[in-house]
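Got your viewer open? Here is a walk through one structure, with something to select at each stop.

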Amino acid sequence: MSARIKQLVAAPGGRRTKWLVLAAWILLLVALGPLAGKLGDVEDTGPNAFLPRSAESAELNTALEKFRGDPDDEIMPAVAVYSVPDGAMTAAGRDEAAADVRAFAPYVAEGERVTPPVPSDDGGALMTVVPLTDEEDLGDTVDAVRDVAAEGAPPGVDVRVGGPAASLADSVAVFDSLDATLMLATLAVVTVLLLLTYRSPLLWLFPVLAVGFAAVLTQAGTYLLAEHASLPVDPQAAGILMVLVFGVGTDYALLLIARYREELHRHEDRHEAMQLALRRCFPAILASAATIAVGLSCLYFADISSSRSLGLVGAVGAVCAFLALVTVLPALLVIVGRWVFWPFVPRHGTPAHGHRTVWARIGAAVARRPRWSWLMSLGVTALLAFGVVGMDFGLKQSELFQDKPESVVAQERISAHYPSGASDPADIVTNAAAKDAVRAAVAKVDGVAGVADGETTRDLAALRVTLDDAPDSDAAKDTVDALRAAVGAVEGADALVGGTTAESLDTQRAAGRDLRVVVPIVLLVVFLVLIGLLRALVAPLVLLATAVLSNVAALGASYLLFDRVFDFAAVDWSIPLMGFVFLTALGIDYNIFLVTRVREEVARHGHAQGVVTGLTSTGGVITSAGIVLAATFSVFAGLPLVTMAQLGVLVGVGVLLDTFLVRTVMVPALALDLGRWTWWPGALFRQETRRAAAPGGAEAALPEADRVRA
């Protein structure tokens, strides 16, 4: 790093610039604050927001827009189902269902009508389809339909409103409360952990303030990129974004404050202490931010739109957290002075650690038996990794929520009395001239309960296909495959098959494709970043190998929790890829923090002592950072969406595994066992080779105080 860059990095801690930096950030917040509040305006909640870009079901959704003048006026049916638990439908139930047909009329989309109640073959249920318009107030409309249906329900008759419109409304309702819930929970978790870490009534406030600056910048920047650069943003990505910023930003704050505290013991001038702390922390923080941003950006190559959105939005958050934490936090800390650490104020000339820490004892224990240490940690992670054997994938619609919303209960009622696909038919769009041939081909497919005509234009025709099986079942997916093969054989039809079942099938297959494509790209990118940071080949390979093993172990351990503790039915198809990318990008951070400090200490004291000193110096701060990040993501575990709960648990388990086992034992032990070859073929390897060639070897070439104590 050139002297000019070092000078710029240290600027926030300088005497003249600290107030300018703070003033600049305040002006930035005033200017960008209103934009941050508009992020929800650009969130994509359309039918293709969570689908693969290349999916046939996504093509069909686009084709359906041609049937209406306004693309936003998509017709979405709500389905009211009246059922009797045992026996036949009562006369009062039939009268109520007929009366509700008239009462639903004010909410029906223009040009559509409510279908008369359709009795089930077993006589125990009635079903009414209410076509609604997919507008911004869809949730209010569904609530009104539910109020009408429930208002006069006679005793003994269970009335539920489900269908695609109700399912979408229930999902949107979850996301509407998601941001506020996540923000409050994350803020509370971070505040408590910082108080426990610093045991200071004031110091915790400054990392939170700095992360707050980063959050505003992130939201405003994401809004501007979505508005003017077509950055994809969906509600799930927007919710996870703030947790990521809080977790990563707090990690950077912990690292910087720990180094600043060390320098305050060595330097009387707090400005000089901050400048040195920044210079020495900056490479690790920069490498961490680069790893997270570039690693998450690799999700651009994913086919599933929600994965791309989460990756690109997360990269923006990592960059904004980095910018805030290396500028405004140093300025704030230097402005307030040493007293902010009260009651444990670091005094100039006193030792940074007044006694031998637990990390010094751990380092000495690992140094005594490095090979045994990394073999033991390898065995533990391998044992946890066996948890992936026999893992069940694929959540059904009824399994996506921890607490069943009404739309899921309605689907269960429909499946009990009707062909399971009756409430959510498959859609087919074909050339109008081939409509009859396509209809005939569809009718011959096993698993099809019925075919109905849909809308027609001069060029296109739509068909609605009721399946025998539930929309999210494997049997229904097999029927969709058969439908696609059948209509694909109709010459000149150019038919597309979509709908909920097709969307689930397309997402499942795209998840496998994304895992095979994105994972190698992420590993390559992270490997290149590590080579640039460490200027070696062996150390990056070791870090990458341990990260992969740790990721598999985290997935195995998480699955045991999903199955035995949370009682989730299966693992969502998106979780392996999302978990791998997040854990590789976030988990590698702690190894970066460790190894950059180790590299610094090795250059001073030699390899063995440098590894132990690096572990001792970073042990407390990295452990605190890991606990904070794991705790922030664990907030997801209490959310109603199973997919987000699974992602939060997986990231939390993986980060803790990295923090307490991989970074604490496995990586230092491997480095000690490999010796100077850890740094091959860089300059540090050559330096350690010269030390080893010195009379008495590398250890004898060092002062007694710098040798590893057994």
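What follows is a tour of a predicted model, one selection at a time.

**Stop 1: a four-stranded sheet**

Start by selecting strands E1 to E4. These 4 strands make an open sheet, ordered E2-E3-E1-E4, with antiparallel pairing. The edges are E2 (118–119) and E4 (158–162), and each of them pairs on one side only. Zoom in on the E2 edge: E2 and E3 are joined in the antiparallel sense over 2 bridges. You can find the register by picking Pro119, which stands opposite Leu126 in E3.

Now add the helices that pack on this sheet. Helix H5 (residues 138–151) touches E1 (75–83), E3 and E4, and its direction makes about 150° with that of E3. Helix H14 (residues 406–417) also packs on the sheet, touching E1, E3 and E4; its direction is at about 110° to that of E4.

While you are here, click on Thr128, which belongs to E3 (residues 125–133). Is Thr128 buried or exposed? Its relative accessible area is 0%, so Thr128 counts as buried. Show what surrounds Thr128 and, leaving out residues up to four places away in sequence, you will find contacts that include Ala78, Val79, Ala80 and Tyr82. Val101, Phe104 and Val114 are also among the residues that Thr128 touches, as are Thr115, Pro116 and Pro117.

**Stop 2: strand E7 and its partners**

Next, select E7, residues 460–467. How many of the 8 residues of E7 are buried? The count is 7, so this strand is largely enclosed by the rest of the structure.

Bring in the neighbours. E5 (residues 426–431) pairs with E7 in the antiparallel sense over 6 bridges, and Asp427 stands opposite Arg464 in E7. E6 (residues 448–456) is another antiparallel partner of E7, again over 6 bridges. Here the pair to label is Thr456 and Ala461, which stand opposite each other. Follow the chain from E6 to E7 and you trace a hairpin, with 3 residues between the two strands.

**Stop 3: Val497 and a long-range contact**

Move on to Val497, in strand E8. With 0% relative accessibility, Val497 is buried. Now draw a distance from the C-alpha of Val497 to the C-alpha of Glu56: the two residues are 441 residues apart along the chain, yet these atoms are separated by 6.8 Å. Setting aside neighbours within four places in sequence, Val497 is in contact with Glu56, Ser57 and Leu60, among others. Asp427 and Ile428 are on that contact list too, along with Val480, Leu483, Arg484, Val487 and Ala502. You have already met Asp427, opposite Arg464 in E7.

**Stop 4: some backbone oddities**

Most residues other than glycine have a negative phi, and most peptide bonds are trans. The next selections are exceptions.

Pick Ser230 first: its phi is near 60°, a positive value in a residue other than glycine. Ser230 sits in the loop between helix H7 (205–229) and helix H8 (235–266), and it is exposed, with a relative accessible area of 65%. Then jump to Asp494, where phi is near 50°, also positive in a non-glycine residue. Asp494 is in the loop between helix H16 (474–488) and E8 (496–498), and its relative accessible area of 63% makes it exposed.

For cis peptide bonds, go to Trp342 and Pro343: the bond from one to the other is cis, with omega near 10°. Pro343 lies in the loop between helix H11 (328–336) and helix H12 (358–368). Another cis bond runs from Trp680 to Pro681, with omega near 0°. Look for Pro681 in the loop between H21 and helix H22 (683–693).

**Stop 5: the cavity**

Finish inside. The structure holds 1 cavity of 30 Å³ or more, and the largest cavity has a volume of about 140 Å³. To centre your view, select Leu543, Val595, Val667, Ala671 and Thr678, which lie nearest the centre among the 15 residues that line the cavity.

Which helices each supply at least two residues of the lining? They are H18 (538–564), H19 (575–605) and H21 (642–674). H21 gives the most, with 5 residues. Colour the lining by residue type and you get 14 nonpolar residues, 1 polar and no charged.

Conventions
Residues numbered from 1 in each chain as written. Predicted model: local features only at pLDDT ≥ 70, side-chain atom pairs only at ≥ 80, totals over all residues. Heavy atoms only, no water. 1 Å grid on protein atoms, 1.4 Å probe; cavity = no way out; pocket = protein on both sides within 12 Å on 5 of 7 lines; lining within 4 Å. Points joined across faces, edges and corners; volume = space filled by probe spheres on them. Nonpolar A, V, L, I, M, F, W, Y, C, P; charged D, E, K, R; others polar. Buried < 20%, exposed > 50% of the residue type's maximum accessible area, 1.4 Å probe, protein only. Pairing = 2+ DSSP bridges. Contact = heavy atoms within 4.5 Å. Axes fitted to C-alpha atoms, helices over the stretch in contact; angles between N-to-C directions.
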